[in-house]
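Me: Please choose one part of this structure and look at it closely with me. I would like to follow how that part connects to what lies around it, step by step.

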Amino acid sequence: MALKSSNKIDVNTYELVITVDAATFADACKKAYLKERKSIQLPGFRKGKAPMGMIEKMYGEATFFEGALDIVYPEAVSAAFEEAGLNVVDTADVDVPVMSKAEGVEITMKVTTYPEVKLGDYKGLKIEKISVEATDEDVENELAQMQKRNARLIDVTDRAAEMGDTATIDFEGFVDGVAFEGGKGENYDLELGSGSFIPGFEEQVAGHNIDEEFDVNVTFPEEYTPELAGKAAVFKCKIHEIKKNELPELDDEFAKDVSEFDTLDEVKEDLKKKIEERKTANAKTETENKLLDMVVENMEVEIPEVMFTKRVDEMLQEYTYQLKNSGIELATYLQYMGQDEESFKATLRESAEKQVKLSVALTAIIEAEKIEANDEEIEAEAAKIGANYGMSAEQVRKALPAERIAEDVARNKAVDLIVNSAIVE
C-alpha cells in the first residue's frame, strides 16, 4: 500500500491517488472469502464449504472484491494521509478506477485538510476593566425583589382588575366560532402583566370587574403551533376574583422574617457582598470571552466549510440527545416550534462558526507554545469532570480516552495564557 501522488488543487484541498499492491489485495480477497463463505452454497458442497476458486468460477473473479476493499481501504487511506503529511477533515469524490487481483487497487479522492493558521496577537492583549462594584441601586433592586417574593395576595372587591393584579378567570377560546383544543380553563389564576398568555390577552382582562363576562380578541403569533399560528381568536372570559400584592415593609422585622440577620442594614451589607461576588464572576467570564474574540479576530485563516457543517451536525445530535433524556423526540419539538430540521440547523450555524474558529485558534496556540498536559493535570481534570457528573475520576478515565482529557487540559491552559497575559486597563 502506497501513496502514488498528492496534488494541492485549492486552499485546504488535495487530490490523492492511493495504491494497494496485487499481493495485498489478493490476501484481502482470501480474508473476505473466509468471512463470507458461510453464507454461500454451491451444488455438490455443504453450505459454507465451497472452495474459493469454485465460487469465483461460478460468480466471477470480482465476487469478493467489495469485501476485500472494505478490508484494505481504512489502512491504505490512513497510511496515505500520514505519508502525505495531511491532517484530513473530510473526503469527497472517492473513486476506484482500478481493482483486480493482477493489478491491485487504485483509489482516487479529494480531501479537505485542517486549515493553516497565521496567529495574530494573543498575548499582552489590552482590555478595559469591568466594574464589579455593587451600587446602592443594585442593593435596592435586590431588596425590591425580596420584598416582591414575600408579598401576600389580598382580595380586591371595590375596583376593576389592574395590571399587576392576579385575576382568577374562566376562559374558552374560539377560532372562526369553533372552540379549539387546549383553549379552555376554569378558575385560572392569571397575573396580569406576566406575559404568560398570548400578547394582548392580559391587557384586555384589565379593566373588568368580578362576575363580569367579556370577550378578549387576540391574534396568535406566527411562530405559534401550526394549526393556530397567525389566526384571530376570541376568548370568552369571566372574572371570579381579583387579588393584589401587598408588599411587606422594609424594616428590621422584615430582615428577621426573610434572613438570618436581625437588622435591615445587615441584610443590605450581605446583599452588597453577594452582588459583588456575582459581578466579579460575571466580569471574569465576560473578560475571558472578549479576549478570546480578539484572538479569533487577530488570526488569519481560511476554514473549510465542512468544518462548520460538521459542527452544526454535532450540535444537532447533542440537542437530540438532551431532548430524548427529557422524554421528547426532536421531530415533536420541531413541530411545536414550527420548524423543520434544516431551519433549526440554520439557528445553530452562528454558534457553530464561533466554536470552530475558537477551537482552531486555541489549537494553533497550543502548538505554538508547545503546551502539554502532564499526568497530574489529567488526573485533576478527570476528578473535576467526575464531580460535575457524579462520577469518580477512575470512572471518567474509563469513559473518556486520556488523549481527550489531555486536549481539554491543554485548551484550558491556552485560555489561561491568554487571560493571564492580558493587560487590564
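Reply: Two strands are said to pair when DSSP finds at least two bridges between them, and that is the idea to hold on to as we start at the beginning of this predicted model. Strand 1, which covers residues 2-10, is joined to strand 2 by seven bridges, and the two strands run antiparallel. You can find this pairing by looking at A2, which stands opposite T19 in strand 2. The two strands form a hairpin with two residues between them, and in that turn N12 has a positive phi of about 60°.

From here the hairpin leads in two directions, to a core and to a pocket. Strand 2, residues 13-20, is one of the elements that give two or more residues to the largest nonpolar core, which we can now take in detail. This core has 29 residues, of which L16, I18, F25, I55, F64, M109 and V111 touch the most other members. Besides strand 2, the elements that give it two or more residues are helix 1 (22-36), helix 2 (52-59), helix 3 (65-84) and strand 4 (104-113), and helix 3 gives the most, with eight residues. To see what surrounds one member, take F25: leaving aside its neighbours within four places in sequence, F25 is in contact with V20, F65, A68, L69, M99, S100, K101, G104 and V105. Apart from this core lies another one, of 25 residues, among them L125, M307, F308 and V356.

The other direction starts again from the turn residue N12, which, with Y114, P115, E116 and V117, lies nearest the centre of the second largest pocket, a pocket lined by 17 residues. This pocket has a volume of about 340 Å³, and its lining has eight nonpolar, five polar and four charged residues. The largest share of that lining, four residues, comes from helix 10. Helix 10 (341-368) also gives residues to the lining of the largest pocket, where its ten residues are again the largest share. The largest pocket has a volume of about 1,600 Å³, and of the 43 residues that line it, S359, R404, E407, D408 and R411 are the closest to its centre.

A second hairpin is worth setting beside the one we began with. Strand 8 and strand 9 form a hairpin with two residues between them, and D176 in that turn has a positive phi of about 55°. Eight bridges join these antiparallel strands, and T168 has D189 in strand 9 as its bridge partner. Strand 8 is also joined to strand 11 (residues 232-246), by nine bridges and again antiparallel, with A167 standing opposite I242. Seven of the ten residues of strand 8 are buried, that is, under 20% relative accessible area, so strand 8 is largely enclosed by the rest of the structure.

Finally, the positive phi that we met in the two turns appears elsewhere as well. D93, a residue other than glycine, has a phi near 50°, and D93 is found in strand 3 (residues 88-100). D93 counts as exposed because its relative accessibility is 55%, and the cut-off for that word is over 50%. D211 is not a glycine either and has a positive phi of about 70°, but D211 lies in the loop between helix 5 (201-205) and strand 10 (213-219).

Definitions and conventions: Residues numbered from 1 in each chain as written. Predicted model: local features only at pLDDT ≥ 70, side-chain atom pairs only at ≥ 80, totals over all residues. Heavy atoms only, no water. Buried < 20%, exposed > 50% of the residue type's maximum accessible area, 1.4 Å probe, protein only. Core = buried A, V, L, I, M, F, W, Y, C linked by side-chain atoms within 4.5 Å. Contact = heavy atoms within 4.5 Å. 1 Å grid on protein atoms, 1.4 Å probe; cavity = no way out; pocket = protein on both sides within 12 Å on 5 of 7 lines; lining within 4 Å. Points joined across faces, edges and corners; volume = space filled by probe spheres on them. Nonpolar A, V, L, I, M, F, W, Y, C, P; charged D, E, K, R; others polar.
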